[in-house]
Amino acid sequence: MAIERTFSIIKPDATKRNLTGKVVAKFEDAGLRVVASKRIQMSQAQAEGFYAVHKDRPFFGELVEFMISEPVVVQVLEGEDAIAKNREVMGATNPADAAEGTIRKEFALSIGENSVHGSDAPETAAEEIKYFFNDDEIVG
Ligand code: ADP
Ligand code: MG
């Protein structure tokens with residue numbers, strides 16, 4: 001295992017319900033460090049570009065509308081095996097399938113409004129970090 005960086009978003013359903021700190025505590029309790037963080041209002045173009053991989057899925061329009069409905073918190077998380085560890089702490093996409101103690105089990109409202117995004121592989125982590133952060137904004 002190696003020290004990795006991964007990309008995370010605290011989604012609108014969580015920022016709206018004032019759960020930012022509770023979500024960050026889950027990452028920190030799992031040994032992940034927040035090495036970059038900013039609260040932003042995503043534009044439609046930014047959300048469409050970020051989720052371009054899902055553009056042909058039936059939920060794409062709904063997903064983009066949701067992601068721009070309220071501010072989000074974009075973050076870079078660092079730690080041992082950070083990409084897989086973050087996915088583990090997040091839980092399954094559908095909160096109905098998420099394991100006890102995971103963010104999505106505790107906080108998500110539905111398969112769409114599921115509180116967090118996390119990169120799924122080293123390549124996507126690198127791309128997604130670059131999409132939102134300059135190098136000088138990441139302070140490890
Ligand atoms: P994950 O976020 O767990 O990596 P995906 O990459 O498959 O999941 O999907 C991206 C996001 O699209 C999900 O987190 C969720 O917000 C939304 N989504 C996925 N599947 C559905 C669905 N069936 N209906 C509505 N929204 C969905
Ligand atoms: Mg995904």
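Visitor: What covers the buried residues of helix H4?

Guide: This is a predicted model, in which local features need pLDDT of at least 70 and side-chain atom pairs count only at pLDDT 80 or more. Residues are numbered from 1 along each chain as its sequence is written. In helix H4 (residues 60-67; helices are DSSP runs, H or I, of at least four residues, and strands are E runs of at least two), the residues Phe60, Leu63, Val64, Phe66 and Met67 are buried (under 20% relative accessible area). What covers them includes strand S1 (3-10), helix H1 (12-16), helix H3 (44-50) and strand S3 (72-80).

Visitor: Is histidine 117 buried or exposed?

Guide: Histidine 117 lies in strand S4 (residues 116-118). Its side chain and that of glutamate 128 are joined by a polar contact of 2.9 Å (a pair of N or O atoms within 3.5 Å, one able to donate a hydrogen and the other to accept it). Because its relative accessibility is 11%, histidine 117 counts as buried.

Visitor: Why is the pair of phenylalanine 50 and tyrosine 131 called tilted, and in which helices do the two residues lie?

Guide: Aromatic rings pair if their centres lie within 6.5 Å; planes under 30 degrees apart count as stacked, over 60 as edge-to-face and the rest as tilted. By this rule there are six aromatic pairs. The ring centres of phenylalanine 50 and tyrosine 131 are 5.9 Å apart and the planes stand at 55 degrees, so the pair is tilted. The pair links distant parts of the chain, 81 residues apart: phenylalanine 50 is in helix H3 and tyrosine 131 in helix H7 (residues 122-132).

Key:
Chains are lettered from A and ligands numbered from 1 in the order in which they are written. Side-chain values use heavy atoms; hydrogens and water are left out. Buried means under 20% relative accessible area, exposed over 50%, partly exposed in between (1.4 Å probe, protein chains only). Contact means heavy atoms within 4.5 Å.
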